[in-house]
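Please report on how the two chains of this model meet, and on one helix in the second chain.

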Amino acid sequence: MTQPSTDPDQLHDQFNEVWGNPRGWRALTIVNHTSIGLRFLITGGAFFLIGGLLAMLIRTQLALPGYELMEPDAYNQAFTMHGTVMMFLFAVPMMEGLAVYLIPKMLGARDLVFPRLSALGYYCYLFGGIILVSSLLLDLAPKAGWFMYTPLSSAGHMPGMNNDFWLLGITFVEISAVSAGVELVVSILRTRTNGMALHQMPLYAWYILVMAMMIVVGFPPLILGSILLELERAGGLPFFDVARGGDPILWQHLFWLFGHPEVYIIFLPGAGIVSTLIPVFCQRPIIGYRWIVLGVLTIGFLSFGLWVHHMFTVGIPQLAQSFFSGASMLVAIPTGVQIFAWLATLWLGRPVFHVPMLWLVGFLIVFVAGGLTGVMVALVPFDWQVHDTHFVVAHMHYVLVGGMFFPLMAGLYYWLPHFSGRMPSVRLGRWGFWLVFAGFNITFLVMHWTGLIGMPRRVYTYDTGLGWDIPNLISSIGSFIMAIGVATILLDIVLHFRFGLPATKNPWNADTLEWATSLPPSAYNFVSLPDVSDRHPLWKDPDLPDSIARGEHRLTTIDHGRRETWGTDPLTGKVREIIHLPGNSWLPFIASVLLAGLCLSLLTKFYLVALGFTVLTLIVLLRWSWENGAHPAAAPDAKTQPGEPPLHSRTLDGPGLWGMGVTLIANSSLFLSLLFGWFYLWTVAPHWQVPASTDLDGSLLLASAVVLSLGTLWMRLLVARLRRGSHEGLFGGLSLAALLSLAQWALLLWVLLGAGLKPRETTHDAVIFVMLMYALIHCGLATVLTVLQVLRVRIGYVGAKAPYEPVVVEQLWYYNLAVLWAIYLVLVPFPSTWGGA
Amino acid sequence: MVFQPLRALVKWTILALAVPLLAACEGAQSTLDPAGPQARQVALIWWWMFGVAGVVLVGVSGLWIYASARKPRDVGSEEAIRINRRWVIGGGILLPTIAIVLLLIFGLPAGRSMLPLPLPGEQVLRIEVTGHQWWWEIRYPDGQVVTANQLVLPVGRPIDFHVTSADVIHSFWVPRLGGKVDMIPGRTNVIRLEAAQPGRFRGQCSEFCGRQHARMILPVEAVDAAEFDAWIAARRQLVFARLPDGEAGDLFRDRCGQCHRVAGLTDGDRAPDLTDLASRPTLGAGLLPNDGEHLRRWLREHQELKSGNAMPLHDDIPDATLERIAAWLETLEP
């Protein structure tokens, strides 16, 4: 092994050899977080323009009473797609994209922990977004509102493909949201640079950690809801049909279980930008770091207890309404804590008013106004008046534009030199801000009034003589001013690539590590990974960018050809292992193309083709999982430098274990939503029907659960022996586990086939069908993964020297065990004790 | 120099707030022009909340801008923590907590007046409202009166509206009387409202219900008790015995009558009851004034006037027949 060089250029060349991005069509194989993050941002920007165009159409139509630029269904498509595009294709991916770009750099890591997953997420987002938006061109866009309330969205009332575009397209896009969520959680917890303890990481990372966790828990209820509604529309399974025992309100619960956390999923990264920028422009540390972290965590928890405040008019019992009313208002406290901690920092600092600071002041005014109207609509009697009026449209735009768009613009101007290496124009930047700020307030301030004097939302036109004409015209004029402002910003950004002054090193004198990379950054971020023991590494050691580039810190070996970054302790940030990351790969692109094919074939109802795509996708994903650990394409050679920790695949606790854990949290959120639906229907559905007799064989289901219990116990013994460093009998042991898994799966299949379910006739049977299918899919997956482990033991990728993978698979076994027993309990003892059949 | 625009901003914000306030609160559908005790309570809550929120918004924004502009002296880190704690606890915890407690204490009771709680000694009127895409079915069970797209109420008497839907989710809302409640298939929700003064108000569906959601308007009229009793009595006895003459009569019975009911003649129940059609203020659920000219236009062009509605086109009916039907429809009133 040669002595590492200290010449930055030479080091760069060596690192670029391993990390560099290919050009041309091979650029599709890039998995690097910087490239993926930028792609997210650019794609999100494009979808923002589409959503904005739809908003312009809406405001044009409403400018005058009785004006019909679009016919009613076109208008309904426009407002449905405006909300859908802005929420799912702009706000969430944009914030995730920025986090994907920034998080590793802020934490002093070289990449996110699952680079191929980043790429898969991006392509799913891109293809899903294109499928969804293409429906506009085909005049087949969804038209039941972005909330898709049943029964309006059901096949009986809207038979066309319109709503299928929404259900399938959004679910496809959500793969991206959830995978980025999982990846961000694990990256933040496990890849911080040496010494960066949890209480020392940048506040932005805290915000993203909570946001990502919220995505992981918050999106699955909607994914479940979308699957159920699509099964109802395409397969006739009546989950939301009152006549067959379902309940349309169940859809609302599932939707808002997602929908309310969604608001904070969008707002928290925005607030994270605010918390990052204020100290930089005040040139002093943020005051009240702990207060802010506490506030963010509180918001994360509270936001899951508020969803019913979107449903105050559906006739929920009053006691429950009062509870949700109070809980909704409580959010004002952790939000207030942050606002006043920012205020205290401004109070003691000497803020410099660069363009990002303008956006921050704009954020404060707009967001506080939105928060105050939020407290108002949390009051039940007032909500009964203004719910579904333009007052709520105004409120929600104040919160979302104030809480997300304004901070995003502040962040965009702040990090622009990082993306491009050039500074934006101050003059155009100011114009852009003032036009957007003025246009926004002209549009939406008056809209509160429009709502109070009685104008409902989602109406394609209105009569004159109700006092609505002038406020609507003002709103429309304001919206065009705002559009000019957005165009100005766009122009500024485009021009800056050509005319912007080159950025100096750390141009804002920031404190966080992302400014220690070169501008624009290279694919590997840092040649050497510095130890960090302070919340403000760049203020403590302004020379850090240079010393990093000279390779004066750690993990500088590259001649093994592996992409490596630290794996650290989640609490203390002490280095525990070296995480070796996969390089560029076609697999994510291929997998997402196949998933797009699956989505399209479901949309066009070619179910056999869909089955084909499912199998192909599965094969590609398994192939992907094959190139891990001791596989020649990953890390066949486990040698590390003396004094350095082992490779993660040679330990028992790598990022994959954490990735599996966080994924199973998402999965359990979906399963718990299904159980919630089951209990909800039993207790609340107005015409709940239990078939007079059932062929569901409880003892067979019990037998399946018992076999799975034995299998899991066996798996546990095998892994325990592996932990002790012995792989004696591992091959035979895993083979037996796979056989037990298969037997249990077969028993479960027998239960399903023998149950004589009539899922098209009653909601009762439809839910049981979905539950059993869920268990079958998961147990089948556990079988396949265990078989693969058997093969990997045989080939030698897994064993006492590389004991990592069975530990990961074991987690899935535990999960399935919990799922199957839960299903047994709710299907067999519960109905009989509750008084059913 | 940067604060120039900020100062202008404050000025303009205040102006922008004032302008709509100067505009009248009046309007047939305005929550701020209450015509009943429930709506009045909510309007009052709104004005209080608006005042307090305005002060908070100006206060917090002003503080931020002042904090950005002031020239601070250097403080030690311990004092910084103290200053921060003062701000965070005072502004971030105490301020919202007090505001929330006050709001809940004064605000929540307003909702009780809209709940169908038992009222000792007072007779509550029960009216059933069923939403359809895109019209309103109204039943007065005490008087076995069925009508559509018009709501007539007695002044000064609490009314329980029992609402449900025949198809998708709608929402029943007469802003000048009070809050809204959703009309959900398979469920019946109840809301109690009361008109304190006679007059004409406007209700509108406020849950998105499909293509013509915007055209689902409910004209409401509050009349004094005696007039209301007379109105009910007249409709209770309303029965017709004669269809239009000749072909028009057969056609009405065989086609229109499949969906529309006219007491004594046809029994359809999928479309608005036509028994007192001629006495209603509007056609097409608030779309057109109800007069001879608009009635004829509606019969011919209803799919252009309100596209997607469930009534089939009448292209094949000769003008003369349609005219006879129209003339007969104009007689359907007490």
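How much area do chain A and chain B bury between them, and what part of it is on carbon and sulfur atoms? They bury about 8,000 Å², 72% of it on carbon and sulfur atoms. Buried area is the accessible area (1.4 Å probe) that two parts lose on being put together, summed over both.

## Basis

This is a predicted model: local features need pLDDT of at least 70, side-chain atom pairs count only at pLDDT 80 or more, and totals for chains, interfaces and linings use all residues. Residues are numbered from 1 along each chain as its sequence is written, chains are lettered from A and ligands numbered from 1 in the order in which they are written, and side-chain values use heavy atoms, with hydrogens and water left out.

## Interface

Chain A gives 93 residues to the contact and chain B gives 96 (heavy atoms within 4.5 Å). On the chain A side, A:Trp347, A:Gln385 and A:Trp449 lose the most area to chain B, together 11% of what that side buries.

The chains share 5 salt bridges (side-chain nitrogen of Lys or Arg within 4 Å of a carboxyl oxygen of Asp or Glu). One salt bridge joins the side chains of A:Asp463 and B:Arg215 (3.1 Å, N to O).

## Helix α7 of chain B

Helix α7(B) spans residues 319–329 (helices are DSSP runs of H or I, at least four residues; strands are E, at least two; both are numbered from the N terminus). Its buried residues (under 20% relative accessible area, 1.4 Å probe, protein chains only) are B:Thr321, B:Leu322, B:Ile325, B:Ala326, B:Trp328 and B:Leu329. Seen down the axis of α7(B), they fall within an arc of 165 degrees (directions from the helix axis to the C-beta atoms), so they line one face.

On the other side, B:Asp319 and B:Ala320 are exposed (over 50%). The cover over the buried residues of α7(B) includes α5 (246–259), β11 (261–262) and α6 (292–305) of chain B.
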